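Thanks for coming, everyone. Please have the sequence and the model open in front of you.

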Amino acid sequence: MKRSEINRVIRDMEQLIHEQGFHLPPFGEWTPEEWADRGHRYDEIRDNKLGWDITDFGLGDFRRCGFGLFTIRNGNLAMPDKYPKSYAEKLLAMYPGQTAAIHYHVAKMEDIINRGGNDVFIQVRNGTKDLKMMDTDVDVYTDGCHSVEPAGTKVRLRPGESITITPYLFHKFIMPEDGGMVLLGEVSKCNDDDHDNYWYDRSIGRFPAIDEDEKPYRLLCTEYPKARD
């Protein structure tokens, strides 16, 4: 992705968050220059990849397939003694007509909540441990309601509505072609983006390569400088 596109997505997401009455933690507004002075007191942000995370899944077409994310809190499965939180929380944003690559998790269970803006569709299908899709009916859990739906069902989430995503459940985010952006929340077990995303298309990557065509507006969660003290 071009840095200019990443910067634009972050600015759009900041505006959307403001419009929906949500507030980011202080580190969400730190500039690259401010990050240079942040010592070891803030290692939890560095080690657990809190903060901004913009991805096109390595496909090079963000407006077709991509995500804007901000991780608010998270534990660390690799360092449970230092970071014992067993839960995580994120904000996610998508543009009209955009999708996010279909995948499942093995360790993580999550709720996806529509926090406001547009509607969003979550397409669901049962998966196997060897990354195959099944044609079996899917148990769908939405806001305390259980239903059984055909494989490939697109569950519409309107503002305020949510769906529970269980392990090995393939899920794909699909935005309507019309309307504005959507702000989503994710509440989950501890999140491990390095090891617990299983893509149906195995050529997909989680974090993008970046073309530095302008200076960064905010640093991404993979770009924090090491603490000096």
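I will go through the sheets, then one helix, then the empty spaces. One thing up front: this is a predicted model.

Let's start with a sheet. What is the order of strands in the open sheet of 6 strands? The order reads 1-2-3-12-5-10, and the pairing is antiparallel. Strand 1 and strand 10, residues 162-165, stand at the edges. Each of those two has a single partner strand, so one side of each has no neighbour in the sheet. Neighbouring strands here are turned by 25° against each other on average, ignoring direction.

A quick reminder on pairing. Strands of a sheet pair through backbone hydrogen bonds, and the pairing is either parallel or antiparallel.

Now look at strand 1, residues 51-55. Strand 1 and strand 2 pair in the antiparallel sense, over 5 bridges. Find Asp 53, and opposite it in strand 2 you will see Leu 69. Then find Gly 51, whose bridge partner in strand 2 is Thr 71.

Is strand 1 buried or exposed? Here 5 of the 5 residues of strand 1 are buried, so the strand is largely enclosed by the rest of the structure. So strand 1 stands at an edge of its sheet, and yet its residues are buried.

Move on to strand 2, residues 67-73. In strand 2, 6 of the 7 residues are buried, so this strand too is largely enclosed by the rest of the structure. On to its pairing with strand 3, residues 87-94. Those two run antiparallel and are joined by 5 bridges. Phe 70 has Leu 91 in strand 3 as its bridge partner.

Next, what lies across these strands? Helix 1, residues 3-19, does. It lies across strand 1, strand 2, strand 3 and strand 12, which is residues 182-189. Helix 1 runs at about 125° to strand 1.

Take one residue of that helix. Val 9 lies in helix 1. Its relative accessibility is 3%, and buried means under 20%, so Val 9 counts as buried. Which residues does Val 9 touch, leaving out those up to four places away in sequence? They are Ile 54, Phe 62, Gly 68 and Tyr 95. Look at Gly 68 in particular. Val 9 and Gly 68 are 59 residues apart along the chain, but their C-alpha atoms are separated by 6.8 Å.

Now a second sheet. This one is an open sheet of 5 strands, in the order 9-6-11-4-13, again with antiparallel pairing. Strand 9, residues 154-157, and strand 13, residues 198-199, stand at the edges. Each has a single partner strand, so one side of each is left without a neighbour in the sheet. The partner I want to show you is strand 6, residues 120-126, which is joined to strand 9 by 4 bridges and runs antiparallel to it. Val 120 stands opposite Leu 157 in strand 9.

Last topic: empty space. Rolling a probe the size of a water molecule over the atoms shows where such space is left.

How many cavities of 30 Å³ or more are there? The count comes to 2. The largest cavity has a volume of about 140 Å³. It is lined by 17 residues, and the closest to its centre are Phe 67, Leu 69, His 103, Glu 186 and Asn 197. Strand 2, strand 3, strand 5 (110-117) and strand 11 (169-174) each give two or more residues to this lining. By class, the lining divides into 7 nonpolar, 4 polar and 6 charged residues.

The second largest cavity has a volume of about 40 Å³. Its lining includes Trp 30, Trp 35, Trp 52 and Tyr 224. Gly 51 and Phe 70, from the pairings earlier, are also among the lining residues. The classes here are 7 nonpolar, 2 polar and 1 charged.

Finally, the largest pocket. About 240 Å³ of space lies in it. Of its 17 lining residues, Lys 49, Asn 191, Asp 192, Asp 193 and Asp 194 are the closest to the centre. The lining of this pocket has 4 nonpolar, 7 polar and 6 charged residues.

That's my tour. Over to you.

Methods. Residues numbered from 1 in each chain as written. Predicted model: local features only at pLDDT ≥ 70, side-chain atom pairs only at ≥ 80, totals over all residues. Heavy atoms only, no water. Pairing = 2+ DSSP bridges. 1 Å grid on protein atoms, 1.4 Å probe; cavity = no way out; pocket = protein on both sides within 12 Å on 5 of 7 lines; lining within 4 Å. Points joined across faces, edges and corners; volume = space filled by probe spheres on them. Nonpolar A, V, L, I, M, F, W, Y, C, P; charged D, E, K, R; others polar. Buried < 20%, exposed > 50% of the residue type's maximum accessible area, 1.4 Å probe, protein only. Axes fitted to C-alpha atoms, helices over the stretch in contact; angles between N-to-C directions. Contact = heavy atoms within 4.5 Å.
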